[in-house]
Every structure is written in C-alpha cells, then in structure tokens.
There are 4 protein chains.
Amino acid sequence: MRVTVWNENVHETTEADVAERYPEGIHGAVASAVTDHHPEARVRTATLADPEHGLTEEVLAGTDVLTWWGHAAHEEVDDEVVERVQRHVLAGMGLVVLHSGHLSKTFRRLLGTTCNLNWRSAQDRELVWTVDPTHPIARGVPHPIAIESQEMYGEFFDIPAPDELIFISSFSGGEVFRSGCTFRRGHGRIFYFSPGDQAFPVYHHPDVRRVIANGVRWAAPAGEREIPVLRNRPEGWFE
Amino acid sequence: MRVTVWNENVHETTEADVAERYPEGIHGAVASAVTDHHPEARVRTATLADPEHGLTEEVLAGTDVLTWWGHAAHEEVDDEVVERVQRHVLAGMGLVVLHSGHLSKTFRRLLGTTCNLNWRSAQDRELVWTVDPTHPIARGVPHPIAIESQEMYGEFFDIPAPDELIFISSFSGGEVFRSGCTFRRGHGRIFYFSPGDQAFPVYHHPDVRRVIANGVRWAAPAGEREIPVLRNRPEGWFE
Amino acid sequence: MRVTVWNENVHETTEADVAERYPEGIHGAVASAVTDHHPEARVRTATLADPEHGLTEEVLAGTDVLTWWGHAAHEEVDDEVVERVQRHVLAGMGLVVLHSGHLSKTFRRLLGTTCNLNWRSAQDRELVWTVDPTHPIARGVPHPIAIESQEMYGEFFDIPAPDELIFISSFSGGEVFRSGCTFRRGHGRIFYFSPGDQAFPVYHHPDVRRVIANGVRWAAPAGEREIPVLRNRPEGWFE
Amino acid sequence: MRVTVWNENVHETTEADVAERYPEGIHGAVASAVTDHHPEARVRTATLADPEHGLTEEVLAGTDVLTWWGHAAHEEVDDEVVERVQRHVLAGMGLVVLHSGHLSKTFRRLLGTTCNLNWRSAQDRELVWTVDPTHPIARGVPHPIAIESQEMYGEFFDIPAPDELIFISSFSGGEVFRSGCTFRRGHGRIFYFSPGDQAFPVYHHPDVRRVIANGVRWAAPAGEREIPVLRNRPEGWFE
C-alpha cells in the first residue's frame, strides 16, 4: 500500500505553538499514524510549498491512498493539481480528507456542495460515537472516543448524504456533527474524518490515529481489476 | 387524510403523575398535535385495551397514517394485529413510530433488527439538530429544537441504515442519537421520531408537535395509484 | 410554481429532421409537458443563444425549478453561468436534468464525477421499470413505460450512488441503465431522467411527459423555510 | 473463514433432471465455488432434512458466513431455527442469500417486506451488469456476466432500498432486476444474489461462482471486535 500524506504545512511553519505541538508537522503525525498501524505501507509526504505541491502526475500514479490536510491556504492550491487529484480519485485512488480539509477545493469539487459547517474554537470536549459498528473503519476504537480539547464542528454540514455514516460526534456546547463519512466517487473511495486540529494535539490521540489508519486501509483500491469501459457498440451487447 | 393514533395507554391509567401530565392520554396529546396542524385530517385514537386493540381490518383499511406509542406492554400486543399492521404498511399505509415504540413488535418486524439502544432517565436536556434541511419533515422547526427535560436515548441504535436521516440529537450526558429517521418498506413510508416520554411533558412542546404533524403528512400515501403487480407472463414483456 | 426550461437549442436550429420532430424546440416540448400537467405553473424557456444563456441572476432568483437539456454544446456554456446555477441549486432551486444533460458542466459539477456512460443510437426499444413505486415521481406511469425507438444509454453510469433510484431501463441490446435518479445537494433537489433524444420523438410520449412533470413538482422547494445558518458562537449552543 | 452452505435439498432428491444437473446437490455446487476461490476456508453443508436442519446453536456459533438456498419448502423451516439464524446474523454472522432464497423466512424476517418479485421460467438469457465497480463483490467478473439459460426474476422486487446496489440484470423478455444487493442488519452483513436455479446449470457458471465466493468473503466478519453494548449509566457518559 502506497500512501501519500499531504499537508499545506502553513501553521507549523508560521506559528510557534503549532510547531511545538507537531514538530514533524501535521503530515509527520499523520504519516506516523499510518506507519504505526501498517508497517508494510510505503508512506511519503508532500506539502503546498513543494513543486506542483508535491502531487505530480507521477506521484499520484504511484499512490494508492492520498490523505489531505489544509486550512489556511485552500485557495493557493493550484487548480490544475486539484483537477489531477480529482481525476485520480475517479480512476480509483483512495482519498482520506481530514478536519479542515472539508473546505479544500478537492473535497468540494468531488462532492459538489459548499461543505460549510458551524464551528467554534473554545476547547470543547468531543465524543465520537460509532453508529456503524460493523464498518472496518470503526474497528478497534472505543465507543465513544473521548477527545478532551478540540475545535467544535457542528451541523448543518453541507455535504451530500454520505454513502455510509460511521461516526457522529457531540461537543461540550451541545452540538452534533457527522464526523466520519464515506463517499464513493467514480472508482475511488473517500473517507472524511473531522477530529484533528492544528491548535490541539488531536493527531497524537491513539484512537484518532487508529481511525485514520483504518480509513487509509479501507480507501485503498483492491488490487488490479477490470474497470468497465465505454463500449458504444453499434450491434448491441450480443457477441 | 385519515389518521389513527395508537397508544398502549398503560402509564396514563396506572401512574398518577403521567395522568396529570397527559390528562387526555399520550394519544390525546398526539392526536391534538395532528389536528392543530392539519385541521382537515380525520383523526381517531385506539388503545391496547380496545377489542383487537382498536386496529381491526376495517379500521386499518380506512387509515392513511397510523402513529404508534408503546412502552410497558409491547408483548401484550397480539401477533395477529402486528401482522395486520405490517401488511397494511407494506400495502401503502404510513406509519409514524414514536419514542419507546422503537421496541414495539411492529417496528422490529418491519426493520428486522433488535432496535435496541442506550438510555437513561435523568432529566437530560435534548437538542434536536436538523441534518436534512430540505426534508418536509424538518419544515418550520428551529435548529436545534431544545427540550429541557427528556429521557436520554443514545447510540448504538440497532436499526438498518435509514433511507433518510433527518435529525440527530445530543444529550446533557454527551450522548448522540439518530432521532429522526425514515424507512420505506413495501409501498409504505415509516418515520421514527424519538423525542417524547411519559415522564416528561415533551408532547406538549410546540416544535415536537410540529415534527409529528409534519411526519404524519409525509407518511401519508399520495392518493390512488397503480401498484406494480406480479405478472409471471410466459411470453415475456412484449405485448 | 415557477419553472424555467433550458435548452441549448442547437440540433433544432441546424438539423431539419430535429426541427420537424420538435417544431417548438425540445424546450417547447418539455415546457408543454409541464404546463399540461401543472396548468397553474408559470413556465418560461431559455436557450444557449440568449444573453447569459437566459439564466441571469434575476431569472434564477425567480425560478423554483430549472430543467436542463444540452448535448452538442456543453462546452459553450459559460462557466460563470454554471457557477450561478450551482449556487442556486445549493440554495434550494430544484433541477431536472434530461437525457444528454448528464454531460453538462452543471450536472458534472454538482455530482463531482465524470457522468460518463455507454451509448448507442440504433433505434433500441427502451423499457422503463419502476423500482420505487411509492415515489411521487413514479405516480401514474405504467410498469414498464415502453418507448419504441430510443437511443441506448447503458451502465456503467459514472455517478455517485443516487439518494433514490426510481427507474431502471432495459434496451433491445440487453443493456440496463439507472434511468431515474434523485440527488440532494445543499438545499436543492436534483432529478435525472434519461429517456429523451433529439433523434427520436420521445418528448411527445405521454408517459415520459408525465414523469418530467412529476419530477418538476417533486424538485420544487417547499415554500419559504428557515435555512440553518452558520453560527460560530463562542459560548456554545446555550442561550 | 468458516462457511456453512445450507440447502433445502428437495429438488435434487425428488427430480431426476435436477439430480443430474447437480449430482452433489446445489449445496455441493455452492460449497465447491467457495472452496475453489478460498481454499483456506472451512466449508461444511447442512440441509433441511438434518436434525434442526443442521443449524444448531453450536453450528451457527462456529459459522462466519452462512449461505442459503431454498425454494420448494420454505414453510417447512422451523421458526425456532429461523429466529436462531436471525439472532446470529444480528450478532455478526454473514449471510449470503441465493436466488429463490428471497422468499425464505429468514430473509423476509431480516428485511421486513414481502420480498416478492416477478418471474418466468422460459430459458431467458440473463445479463448481469455491474453498477458499483469498486465493490469487492464485483472483483474479477466481466461486464456483463452472460448466462445463457436462466429463470427470469423481474421488478418490482419488494425489498427495502439496499445499502449497496452492485448488479442489475436484464432478461431476454426485456425485464430488469436488482440482482446483487447488500444489506447491513445489526452487526451482520447480508448479500443477496439472484442468478442460479435448480432448472439451469447456473451454479456451474464460472463468473457466478466467483461472485458467490466474493460475496462470502465480503460478508465474513472482520475478526474479533468490540461490539457496542447497552450502557444505561445513571450519571451520563462522563467517566
């Protein structure tokens, strides 16, 4: 399994507290979550500052699952790269979108909606409850996952009805949020998972790390397979 | 629109506080919610103690939407009546299942699962958030509906993935619950709505009453229509 | 109900047989289908050649449901108009996408996938079978609808799993197609219906016309309503 | 993976042509399909005539996936065994229901609907088209699977909307059918697959055998896992 962990890497390089919280960057924390649970995976990282944001055609062609974290610089992501990522997802590459990545161009383009939500950064406690306990992404996590300090993300979350709703969170303020959702788009699988923020050490939380690793495994394409192709045969199906 | 409001009517007739809270019975409170919003509806009530629980073949044949409240006496509902209700739902009668009706024989038979959930009766505050704002059942209700005192119903709620998830609730204890769900079964529409309890005056809450009335309207069949029938024609479709 | 019927109107103005088949244009045929079934509706038409394709901010602000037919000139539709239509759908305007509109910029942008499919224009017979008989869009149509001559549209149809699958078609060549699908996006409802082609008189077929009229009615927003708004309150939900 | 292949085994023991077509019984053909693709699986068979139909508490407790074929003797299956199977599915055992098993007590009880459909036994050609190409159950099968002689199963198929629709079939007569569907019920996964009949050698068809093997693999529970349990804690979630 070949995983590319993408991060805009802006907060970490401009804010001391974030750099201290995530000394290897958020991408470093996410990458180690994947590696810890899937030692066999080949994990690399890429950031906004890299040429072509580190997401060249060649990199994506060699990626089974891409994870995405962005927040402060969504609009700086090049439209050409966004289209490239979308094309690869539709062709079968898995995509795991984390937290504020809900407003990334890529996610909005794949879902077609505004992907807006309510939010508040006030050290809420988040509880992540499992509503689809048979789903492989929920494997091995407690019910609920308790996150002591977290940004609040609340409904209404303007997404299409997810294909599968796995987690629902509550917050100290009383809000709720569909915090773990899957979507199939073309031949690709998408998992959105909201827990995680630059201002809180959520990506060091062992249960959050397990969910991310589970999500990456789930989103990976299942080996070589025959893709149905367009066949505009004049004679109909008959062979 | 012909509505039959069913209630086991046990708490009201055996517990003084419930009788005081719901002097017309829970069925009376539910019936008036429907009538207040749909003055043109023909609403009648039926209870466990009635012959055949008030749900004869004739009554059901003249019912567009049946609402169901039960709690203490699920097992006393006659299996023949349960099958009759199931048959009418599959043939197109709407069904609105309220609160503890989640464990009624009828609901469990139509859904196929245990319909179990977590619960606690400790005067939680319940907030009911809308996650499908275009749905007619969500029309006219605030975001969130706030219910000061209520029994807690929490996940995991063992139901099939609903066709539409309209409301998610949070509780003072931090729990979440899929509190407004729709299911289509056969030619019938089912709406489950959890807020409401014999121990709290929830059925007098104006927003809860509006949701129940919206749900009844939504579940009603859309006039006469052609039902696809079984046609085992030896010659295939061709006319 | 205010309906705007959009048509690129290219085939009708450049091909004699299409002009003869649809003397009022495909938009004329679609508009009359709506008017025949909903005499109270205020229906207007707009085409590619109109300034801003006839879809100004003012027109869309006064539209409850937009229907879309395009085929030969998808790429000539201005991106600004596409974004405007998307914005209005997300804000609650209904959208009915017809036949080759599956490749329109608007539909692809709202769904996020390629929306490709298999096809063949060889006078197939199409049978349209109802698989959701309680759906209002299926009201009053036979099972199946039989269309004597039609272009074949076949799977794999690269769309997200629809929220509701209402119709499945078969073709003389043995192919199948998900020919009637609904999607909710933001506060808007989308109905895709594939039967209909410039080369065949399908939009004069009474059952096809009824489905289009049903779809328009279904997609219309349900009056004024409170839209949940973003509320990033520092103090949490509590009032 | 421990698989139990159940078959009523009535046609094979009472009709010479069926016995000739399936000398090891339909259960023998299904069992070998699983073994061929999953040599590591521990596969056993059970039939109606066995004590408790071969489905004792002990057998089910040692079963990861149960496959079900029945047709002529649905009503002879003991209600106690049906409840036992349902209980195990809800607790996590996978279930693969084949062909005429759609009318088995077990399937109807888990789905809650009549599960009726249209049918015709007239040597139709069935084409099985993939509409969810990323699904593991569709792996390795052609698009379409062509079955030369088969019983026709047609819509309307009275099931709840499936969680995932994987295959749609067409037949020589022009009918369509949702021939591959998944449902999650409780902690168990259910796959329904219609191709296969006692009167045709469909269970010897290599693509049909592959789909059955894929379905068994998909339905198997994912190892030991923590099941969310009911916790009616008086103090709320807080630890």
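Biologist: Is Asp79(A) buried, partly exposed or exposed?

Modeller: This is a predicted model, so every value here is computed from it. The relative accessible area of Asp79(A) is 41%. Buried means under 20% and exposed means over 50%. Asp79(A) is therefore partly exposed.

Biologist: Which side chain meets Asp79(A) in a salt bridge?

Modeller: The contact runs from N to O, at 2.8 Å. A salt bridge needs that pair of atoms within 4 Å. The partner of Asp79(A) is Lys105(A).

Biologist: How many residues apart in sequence are the parts that this pair ties together?

Modeller: Lys105(A) lies in helix α6, residues 105–111 of chain A. Asp79(A) lies in helix α5, residues 79–90 of chain A. The pair therefore ties together parts whose separation in sequence is 26 residues.

Biologist: Is Lys105(A) buried or exposed?

Modeller: Its relative accessibility is 16%. The cut-off for buried is under 20%. So Lys105(A) counts as buried.

Biologist: What is the closest N and O distance between Glu80(A) and Arg84(A)?

Modeller: Both residues lie in helix α5 of chain A. They are 4 residues apart, about one turn of the helix. They form a salt bridge, and the closest N and O atoms are separated by 3.7 Å.

Biologist: Which residue is linked with Glu80(A) and Arg84(A) in a network of salt bridges?

Modeller: Glu80(A) counts as exposed, at 54% relative accessibility. Arg84(A) is buried, at 8%. The network that holds these two also includes Glu52(A).

Biologist: Turn to chain D. How many residues apart are Asp36(D) and Arg209(D)?

Modeller: Asp36(D) and Arg209(D) form a salt bridge, with the closest N and O atoms 3.0 Å apart. Asp36(D) sits in helix α3, residues 25–37 of chain D. Arg209(D) sits in helix α7, residues 206–219 of chain D. The pair links distant parts of the chain, at a separation of 173 residues.

Biologist: What is the relative accessibility of Arg209(D)?

Modeller: Its partner, Asp36(D), is exposed, with a relative accessible area of 53%. Arg209(D) counts as buried. Its value is 11%.

Biologist: How many salt bridges does the structure hold over all chains?

Modeller: The pairs above are among them, including Lys105(A) with Asp79(A) and Asp36(D) with Arg209(D). Over all chains, the total is 52.

Biologist: How far apart are the end C-alpha atoms of residues 2–219 of chain A?

Modeller: UniProt lists this span as "domain: ThuA-like", in an unreviewed entry. The span is 28% helix and 32% strand. Its end C-alpha atoms are separated by 12 Å.

Note on methods
Residues numbered from 1 in each chain as written. Chains lettered and ligands numbered in written order. Predicted model: local features only at pLDDT ≥ 70, side-chain atom pairs only at ≥ 80, totals over all residues. Heavy atoms only, no water. Helix = DSSP H or I, 4+ residues; strand = E, 2+ residues; numbered from the N terminus. Buried < 20%, exposed > 50% of the residue type's maximum accessible area, 1.4 Å probe, protein only. UniProt positions renumbered as here; feature names shortened; annotations may be inferred.
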